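This report looks at charged side-chain pairs in a protein model and at how its chains touch. Read it with the structure in view.

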Amino acid sequence: MQALLELLANQALWIAVLRIATPLIFGTLGVLLCERAGVLNLGIEGIMVAGAFTGWLAVYAGWPLWAGVAVAAGTGAVFGALHAFLTVGLALSQHVSGIGITLLATSLSSYAYRVSFPKVNTPPTVKPFAPMEGLGIPILSAQTPLTLLALLLVPVVAWLLYRTPAGLALRMVGENPQAAESQGVSVLAARSGAVIAGSALMGVAGAFLTLSAFDAFFFNMVNGRGWICVALVVFASWRPGKALAGALLFAFFDALQLRLQQSGAAVLPYQVYLMLPYALSILALVLVARRAAYPQALMKPYRKGER
Amino acid sequence: MRLEKRPAISPLALTLAPIGAIAFTLLVSSLLVLWAGAPVAPTWAALVKGGFGSLFAWTETLTRATPLILTGLAAAVAFRARLFNIGAEGQLYAGALAAVAVGGLHGGTGFDLPSALLLPLMFLAAALAGALLLLGPALLKARLGVDEVVTTLLLNFIVLLAVSALLDGPMKDPGAMGWPQSVALQQGLELSKLVQGTRVHSGLLLACGLAVLLWAVFKYTVFGFDLRALGANPRAAAFAGVPPLRTLAGVAIVSGGLAGLAGAIEVAGRTGYVTLDMSPGYGYSGIVIAMLAGLHPLALLAAAVFVAGVLVGADSMSRVIGVPTYIADVIVSASLIAVLVATLLAQYRLRWR
């Protein structure tokens, strides 16, 4: 008990929590935007890989760090546009299209990496974002500007969703596209816009990994974080504020298991601790399943004039 | 942009659509080959030669196709009932592990049973392990509405970590000089080779047989009708007397069982033990294969051979020309998207206003 309290009082733990949460916040907000408009986006895992790679590559080529973030967002938007074309335009299965995009984005990134760096054994590095030491706020000062951006995005997304006409249109096409269409909202435009914007956020989530958390690109670096975001959105019942809370809670458990593993108090094989994030995601899905208020039109393709 | 159903859907167009889509994919991938600084025609020639150009190439391709057929069937049967099983990768490893648990040496002589009994037991255990792994997510979907895509995906990570822990601990082969590798299979449990001196084994016949069996099940049995009805419209299916829970559980057992079997067949036919890298994503490729084949078990055989040939051919092409092997994964995943679009366009007309 004493040891646990000491652990909780440890600033390093909370610094780790916020760092682990950052890509989850970006990704979860991205999934949330897509799903609120009625589109499941299982492309997230691959889009994060592609964002991590292209953002890093741009910085490696000598571009400024923020340009790298913009490139990652652009990459995400391109894959989002593809997903929107397939699922909103052509009304193909959202499951299958998303998985196809994950596989395509991942394999394209691996291919591009190998073509760009044919014979490297140690991955080349860039100079990542520095912590905002001048800020003077404990814990937050140890983070990079991307974490601040992620935190600020939560109220921005909430405001966009609930306080702007565009947000209203977005939520409408996710609940009842027929009604939205009769109100003069273009389902195609609203859904596509949401998917493209959401996917751009997923790209940034990936870029955080290569430009802030680490300084290089590794093939398996996303490692299921995208799928965890998909689970977190259900856990958050599609609300930005709860998404932040969910991401932080999740990151807390992840940081805790890292600590336990390092402190030597770990009595179980290390793999058991690594399993925790995935097991927690499943648990979260099961716990909220009964009262999950899915957007009514989620995964339902909309074809004009067809029911 | 809107879609308009074509008044008459030509079966010829539906058949040609996948072929055209794959040709289109190769055309686009040629740009990637050019980017790598390699000549396009020799690269494709080397890929085709490496995958299909000789007896050895064919045996390698068919060896690679064997687990892909099984994971493809696993995806096809589940997707038909709209149970999106993305967990074949984990189910494959669970099956492989169950196979060595039953048929392994365990540092001694293993179970003292005749091979004729142990071999079917081994396959049964593998199928059971895969089936149980999918039954959980299927029941969660049926009872609580938990999306099975995310649960099966996350289970893949959990299973792989569990395999890793077991290969470090209780299942570790003490004779493997520290490599994380499971205990080896007993002698007499290996599947026989189809062509002497190559790796292609009788597991291929089993996989093909199961594809034919599944085709017959889809076409001629009540279960086949039930799962199709469940996939088309769950509410109407329930109204028509299809038991939703029982059908979904049955689908999960068949689908997970097939993926588990893929793991056992890899162990008995090729590796002899379990390692963490025994599957280069067979579970995920199976999904692509099932979609390429339009979820048809017999077309799936062709799709599996195509994908296996591209993967094997890319390995050998990469050795000769130096274009990264990842080009194979790009071709396969881009084909998936292109085939989906082409099949749709064979049925619908696209109007741009």
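Over all chains of this predicted model, the count comes to four salt bridges. Side chains of opposite charge can pair when their charged atoms come close. Three of the pairs are listed below, including the N to O distance of each.

| Pair | Closest N to O distance | Relative accessible area |
|---|---|---|
| B:Glu60 and B:Arg199 | 2.9 Å | B:Glu60 14%, B:Arg199 39% |
| B:Lys141 and B:Glu148 | 3.3 Å | B:Lys141 27%, B:Glu148 2% |
| B:Glu266 and B:Arg270 | 2.7 Å | B:Glu266 0%, B:Arg270 29% |

The pair of B:Glu60 and B:Arg199 links distant parts of the chain, 139 residues apart. B:Glu60 belongs to helix α3 (residues 55-80) of chain B, while B:Arg199 sits in the loop between α6 and α7 (203-220) of chain B. B:Glu60 counts as buried because its relative accessibility is 14%, under the 20% cut-off. B:Arg199, at 39%, is partly exposed.

The pair of B:Glu266 and B:Arg270 lies within one helix, α10 (residues 244-271) of chain B. The two residues are four residues apart, about one turn of the helix. B:Glu266 is buried, at 0%, and B:Arg270 is partly exposed, at 29%.

In the remaining pair of the table, B:Lys141 is partly exposed and B:Glu148 is buried.

How many salt bridges are there between chain B and chain A? The count there is zero. The rule does find four residue pairs in polar contact across this interface, both residues at pLDDT 80 or more. Several elements of chain B each supply at least two residues to the side that touches chain A, among them α1 (11-35), α5 (115-144) and α13 (326-347). The largest share, 13 residues, comes from α6(B). By class, this side of chain B has 39 nonpolar, four polar and four charged residues.

In total, 47 residues of chain B are in contact with 48 residues of chain A. The area buried between the two chains is about 4200 Å², and carbon and sulfur atoms give 82% of it.

For chain A, an unreviewed UniProt entry lists residues 12-32 and 135-162, among others, under "transmembrane region". In the model, residues 12-32 of chain A are 100% helix and 0% strand, with end C-alpha atoms 30 Å apart. Residues 135-162 of chain A are 64% helix and 0% strand, and their end C-alpha atoms lie 31 Å apart.

How values were computed
Residues are numbered from 1 along each chain as its sequence is written. Chains are lettered from A and ligands numbered from 1 in the order in which they are written. This is a predicted model: local features need pLDDT of at least 70, side-chain atom pairs count only at pLDDT 80 or more; totals for chains, interfaces and linings use all residues. Side-chain values use heavy atoms; hydrogens and water are left out. Contact means heavy atoms within 4.5 Å. Buried area is the accessible area (1.4 Å probe) that two parts lose on being put together, summed over both. A salt bridge is a side-chain nitrogen of Lys or Arg within 4 Å of a carboxyl oxygen of Asp or Glu. A polar contact is a pair of N or O atoms within 3.5 Å; within protein, one must be able to donate a hydrogen and the other to accept it, and residues adjacent in sequence count only if both atoms are side-chain atoms. Ala, Val, Leu, Ile, Met, Phe, Trp, Tyr, Cys and Pro count as nonpolar, Asp, Glu, Lys and Arg as charged, and the others, Gly among them, as polar. UniProt positions are given in the numbering used here, feature names are shortened, and annotations may be inferred rather than shown by experiment. Buried means under 20% relative accessible area, exposed over 50%, partly exposed in between (1.4 Å probe, protein chains only).
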